[in-house]
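Work through these exercises with the structure open beside you. Try each task before you read its solution.

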Amino acid sequence: MPGKLIVIDGLDGSGKSTQSERVAKCLRARGEQVKLISFPDYGEPSSALVKMYLGGEFSDSPNGVNAYAASTFYAVDRYASFKKFWEKEYLSGHTILATRYVSSNAIHQMGKLPRNQWDEYLKWLDDFEYEKLCLPRPDQVIFLNMSRSVADRLIEGRYGGDESRKDIHEKDRAYLQSCQETAEYAAKAQNWRMICCDDGKNPLPLEFVTERIMEKIESRA
Ligand SMILES: Nc1ncnc2c1ncn2[C@@H]1O[C@H](COP(=O)(O)OP(=O)(O)OP(=O)(O)O)[C@@H](O)[C@H]1O
Ligand SMILES: [Mg+2]
């Protein structure tokens, strides 16, 4: 019996990494064997194309690399991670907790296409990553919904005020805004669990968000 694959996704700075660590702790305390994975897998050579793309080697702007091309860069990185680092554990029943996954392509790439092509893109993405590459389908995708202004404040200072260190996604405000729309669209279409992570002005307490995530996982609701 394969284990569970739970995905924690969200826009930049929404608390994905922080919450994934906290949720892994909770699941381990319940006796589950948990493997925490994260995408892109920056420490591995499989992320080379993603790094070239985000570093602006193909274009200064995210839109200079079309949605399908950019999606393949992220997909092959997932494939390599699966084969090298978590296939065995997953197949032997461990819980895999992923920070970002196939859902991130929908969030970050779909907005490059006109809205009337979004359904076609989601269908292609599903077929490419799950059917053709045979990556496992998640049991649940949990989306951390945090407004842009609050998330921006949380990650302020990450680069010590040096704007030049931001990647081509982080530099592009309009692009980041469009990701909110694609996330909402994909969440509805694919039944993601949305967790509200701020009150409009400030982030909600970390413990509160973790509890909401655990409720979703426990109830599979
Ligand atoms: N609910 C919260 N309350 C207060 N601080 C938070 C909250 N959630 C996250 N943070 C802080 O905000 C920052 C961004 O969080 P984190 O790095 O987990 O986000 P992320 O979604 O993984 O970001 P990225 O997309 O850049 O990887 C961190 O410093 C984290 O400690
Ligand atoms: Mg992170």
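The exercises below deal with a predicted model.

**Exercise 1. The cis bond**

Task: Find the peptide bond from Phe-39 to Pro-40; what is its omega, and where does Pro-40 lie?

Solution.
- Step 1: Read the bond. From Phe-39 to Pro-40 the peptide bond is cis, and omega is near -5°.
- Step 2: Place the proline. Pro-40 is in the loop between strand 2 (34–38) and helix 2 (48–54).
- Step 3: Look from Phe-39 to Lys-83. These two are 44 residues apart along the chain, and their C-alpha atoms are separated by 14 Å.

**Exercise 2. Two residues with positive phi**

Task: Arg-100 has a positive phi, and so has Asn-191. Which loop holds Arg-100, and which holds Asn-191? Is Arg-100 buried or exposed? Is Asn-191 buried or exposed?

Solution.
- Step 1: Take Arg-100. Its phi is about 70°, although Arg-100 is not a glycine.
- Step 2: Place Arg-100. The loop runs between strand 3 (95–99) and helix 4 (102–109).
- Step 3: Judge the exposure of Arg-100. The cut-off for buried is under 20% relative accessible area. Arg-100 has 17% relative accessibility, so Arg-100 counts as buried.
- Step 4: Take Asn-191. Its phi is about 65°, and Asn-191 is not a glycine.
- Step 5: Place Asn-191. The loop lies between helix 7 (173–190) and strand 5 (193–196).
- Step 6: Judge the exposure of Asn-191. Exposed means over 50%. Asn-191 has a relative accessible area of 51%, so Asn-191 is exposed.

**Exercise 3. The surroundings of ligand 1**

Task: Which residues come nearest to ligand 1, and which of its atoms lie 3.1 Å from Gly-13, 3.3 Å from Arg-100 and 2.7 Å from Leu-204?

Solution.
- Step 1: List the neighbours. There are 15 residues around ligand 1, and Lys-16, Ser-17, Thr-18, Arg-158 and Leu-204 come nearest.
- Step 2: Start with Gly-13. A backbone N or O atom of Gly-13 is 3.1 Å from an oxygen atom of the ligand.
- Step 3: Go to Arg-100. An N or O atom in the side chain of Arg-100 lies 3.3 Å from an oxygen atom of ligand 1.
- Step 4: Finish with Leu-204. Here a backbone N or O atom is 2.7 Å from a nitrogen atom of ligand 1.
- Step 5: Add the area. Ligand 1 taken alone exposes 630 Å², and the protein buries 73% of that.
- Step 6: Name the site. Ligand 1 takes up the space of the largest pocket.
- Step 7: Find the elements in the shell. Helix 1 (16–29) and helix 6 (148–155) are the elements that give two or more residues. Helix 1 gives the largest share, 3 residues.
- Step 8: Sort the shell by class. There are 6 nonpolar, 5 polar and 4 charged residues around ligand 1.

**Exercise 4. A closer look at Gly-13**

Task: Where is Gly-13, and is Gly-13 buried or exposed?

Solution.
- Step 1: Place Gly-13. The loop between strand 1 (5–10) and helix 1 holds Gly-13.
- Step 2: Check the area. With a relative accessible area of 16%, Gly-13 is buried.
- Step 3: Compare sequence and space. Gly-13 and Asp-167 are 154 residues apart in sequence and 14 Å apart in space, C-alpha to C-alpha.

**Exercise 5. A contact of Ser-103**

Task: Which side chain makes a polar contact of 2.6 Å with Ser-103?

Solution.
- Step 1: Place Ser-103. Ser-103 lies in helix 4.
- Step 2: Check the area. Ser-103 has 7% relative accessibility and counts as buried.
- Step 3: Find the partner. The side chain of Asp-9 is joined to that of Ser-103 by the 2.6 Å contact.

**Exercise 6. Along helix 3**

Task: How do Glu-87, Lys-83 and Phe-82 rank as buried or exposed?

Solution.
- Step 1: Take Glu-87. Glu-87 is in helix 3 (residues 67–91). At 22% relative accessibility, Glu-87 is partly exposed.
- Step 2: Take Lys-83. Lys-83 is in helix 3. A relative accessible area of 40% makes Lys-83 partly exposed.
- Step 3: Join the two. A polar contact of 3.0 Å links the side chains of Glu-87 and Lys-83.
- Step 4: Take Phe-82. Phe-82 is also in helix 3. Its relative accessible area is 6%, so Phe-82 is buried.
- Step 5: Look outside the helix. The C-alpha atoms of Phe-82 and Pro-136 are separated by 8.8 Å, with their positions 54 residues apart along the chain.

Conventions
Residues are numbered from 1 along each chain as its sequence is written. Chains are lettered from A and ligands numbered from 1 in the order in which they are written. This is a predicted model: local features need pLDDT of at least 70, side-chain atom pairs count only at pLDDT 80 or more; totals for chains, interfaces and linings use all residues. Side-chain values use heavy atoms; hydrogens and water are left out. Helices (H or I, at least four residues) and strands (E, at least two) are DSSP runs, numbered from the N terminus. Buried means under 20% relative accessible area, exposed over 50%, partly exposed in between (1.4 Å probe, protein chains only). A residue is near a molecule or strand if one of its heavy atoms lies within 4 Å of it. A polar contact is a pair of N or O atoms within 3.5 Å; within protein, one must be able to donate a hydrogen and the other to accept it, and residues adjacent in sequence count only if both atoms are side-chain atoms. Accessible areas come from the Shrake-Rupley method with a 1.4 Å probe; for residues, only the protein chains shown count as cover. On a 1 Å grid over the protein atoms alone, a cavity is a set of points where a 1.4 Å probe fits but cannot get out, and a pocket is an open set with protein on both sides within 12 Å along at least five of seven lines; lining residues have an atom within 4 Å of a point. A molecule sits in a cavity or pocket if more than half of its atoms lie within 2 Å of its grid points. Ala, Val, Leu, Ile, Met, Phe, Trp, Tyr, Cys and Pro count as nonpolar, Asp, Glu, Lys and Arg as charged, and the others, Gly among them, as polar.
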